[in-house]
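Me: I'm new to this structure and would like a close look at one part of it. Could you take me through that part slowly, and then show me what else is worth finding in the model?

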Amino acid sequence: MTDFLRAVKTVIVPAAGLGTRFLPATKTVPKELLPVVDTPGIELIAQEAAALGATRLAIITAPNKQEVLEHFKPCPELEETLASRGKEEQLRKVRRAGSLISPVAVEQEKPLGLGHAVGLAEAVLDEDEDVVAVMLPDDLVLPTGVLEKMLEVRNELGGSVLCAFDVPEDETYNYGVFDIEEAEYQGPHHVKKVRGMVEKPSVEDAPSTFVATGRYLLDRAIFDALRQITPGAGGELQLTDAISLLIEQGHPVHIVVHEGKRHDLGNPGGYIPAVVDFGLADPVYGPHLKKVLRAILEEHGA
């Protein structure tokens, strides 16, 4: 791994939400622990962070929502039982999360916005960290590896780099949309320079078809910007406002347009397709699932 790919030590994962769109399931189980086939979403995020070379997962959590951190801790009784029964594959799976990365809990007492959550993580950073990654656990960006591309772009152009998708024009109203221009970049990735962002504009007012998704590579200057912005509706601090302030102050911000797909684990309508997608790709469950899905689709006249 090259030196610049070692630059990210800490990945910030905002996970303090109540998961209301999944009630009643999330009454007792955090949505970040809902399984995608057999692996919780938070573990998929930890796997992606570890592949980036990060060593610390700063999990922003609510005061009464500690179960997400528990997933990364050893479970001696279960592990001993599995070992005694020769369940080596299950034992490997149980131990896997704890071996990926070191999790650190950062408590957010009140839900005061994504910007507020990210700002809290500054307290756990080392002094020599000049860049952090933010990964929203609701977003699975496939294929993985976009943050590595974003690091390459930061290495050449500096500043902050965000992940974007190019969506059909009539879908832009669902997203934060980038106002972009051409970038002074000659590398292999699809890169644009960001002039600003518009949150969920009308289709007519969307400045482009490039929209934000849940992967951010942010210069440490973001924390100064978060201290300078004011709360918006509901008293929330918005990360996009801080990024916009950085742009106004001359800080370079670029996007890497990702060629792939995204699953939204934050609501049942996105979660179900994610499980189906991962299930179809699974060597154990995939073949049977294909047969079952064909029968179900035929039953429903699809």
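**A close look at Leu112**

Reply: Let's start in the loop that joins strand 5 (102-107) to helix 5, since that loop is where Leu112 is found. Keep in mind that this is a predicted model.

How open is Leu112? With a relative accessible area of 29%, Leu112 is partly exposed. If you set aside its neighbours within four places in sequence, Leu112 is in contact with Gly235, Glu236 and Leu237. For a sense of scale, try Asp38: it is 74 residues apart from Leu112 along the chain, and the two C-alpha atoms are separated by 32 Å.

Both ends of that line lead on to a pocket, so to speak, so let's take them in turn. Helix 5 (114-120) is one of the elements that supply at least two residues of the lining of the largest pocket. The others are strand 10 (191-199), strand 11 (210-219), helix 8 (239-248) and strand 13 (261-264). Strand 11 provides the largest share, four residues. The space in this largest pocket comes to about 1,300 Å³. It is lined by 37 residues, and the closest to its centre are Arg21, Leu114, Leu136, Asp138 and Tyr216. Sorted by class, the lining has 16 nonpolar, 11 polar and 10 charged residues.

Now go to the Asp38 end. The second largest pocket holds about 820 Å³ of space. Asp38 is among the residues closest to its centre, along with Thr39, Leu44, Gln47 and Arg96, out of 31 that line it. Two or more lining residues come from each of strand 3 (39-40), helix 1 (41-52), helix 4 (88-100), strand 7 (139-142) and helix 9 (268-281). Helix 1 gives the most, with six residues. By class, this lining divides into 16 nonpolar, five polar and 10 charged residues.

Helix 1 deserves a moment of its own. This helix has 12 residues and reaches 17 Å from its first C-alpha to its last, close to the 16 Å expected at 1.5 Å a residue. Nine of those 12 residues are buried, so helix 1 is largely enclosed by the rest of the structure. The buried ones are Gly41, Ile42, Glu43, Leu44, Ile45, Ala46, Glu48, Ala49 and Leu52. Just after the helix you'll meet Gly53, which takes a positive phi of about 105°.

One of those buried residues, Gly41, also turns up in the lining of the largest cavity. What else lines that cavity? Lys31, Glu32, Leu34, Pro137, Asp138, Leu265 and Tyr271 do, together with Gly41. You may recognise Asp138, which is also one of the residues closest to the centre of the largest pocket. The cavity has a volume of about 60 Å³, and the count of cavities of 30 Å³ or more comes to one. Its lining has four nonpolar, one polar and three charged residues.

Next, a few backbone details to look for. Most residues other than glycine have a negative phi, and most peptide bonds are trans. Val37 has a positive phi of about 65° although it is not a glycine. You'll find Val37 in the loop between strand 2 and strand 3, and at 28% relative accessibility it counts as partly exposed. Lys200 is not a glycine either, yet has a positive phi of about 45°. Lys200 is in the loop between strand 10 and strand 11, and at 53% relative accessibility it counts as exposed.

As for the peptide bonds, the one from Leu23 to Pro24 is cis, with omega near 10°. Pro24 belongs to the loop between strand 1 (10-14) and strand 2 (35-36). The bond from Leu142 to Pro143 is cis too, with omega near -10°. Pro143 sits in the loop between strand 7 and helix 6 (146-157).

Last stop, the cysteines. Cys75 is partly exposed, with a relative accessible area of 35%, while Cys163 is buried, at 1%. How many disulfides does the structure hold? It holds zero.

Note on methods
Residues are numbered from 1 along each chain as its sequence is written. This is a predicted model: local features need pLDDT of at least 70, side-chain atom pairs count only at pLDDT 80 or more; totals for chains, interfaces and linings use all residues. Side-chain values use heavy atoms; hydrogens and water are left out. On a 1 Å grid over the protein atoms alone, a cavity is a set of points where a 1.4 Å probe fits but cannot get out, and a pocket is an open set with protein on both sides within 12 Å along at least five of seven lines; lining residues have an atom within 4 Å of a point. Grid points are joined across faces, edges and corners, and a volume is the space filled by probe spheres set on the points. Ala, Val, Leu, Ile, Met, Phe, Trp, Tyr, Cys and Pro count as nonpolar, Asp, Glu, Lys and Arg as charged, and the others, Gly among them, as polar. The expected span of a helix is 1.5 Å times one less than its number of residues. Buried means under 20% relative accessible area, exposed over 50%, partly exposed in between (1.4 Å probe, protein chains only). A disulfide is a pair of cysteine sulfur atoms within 2.5 Å. Contact means heavy atoms within 4.5 Å.
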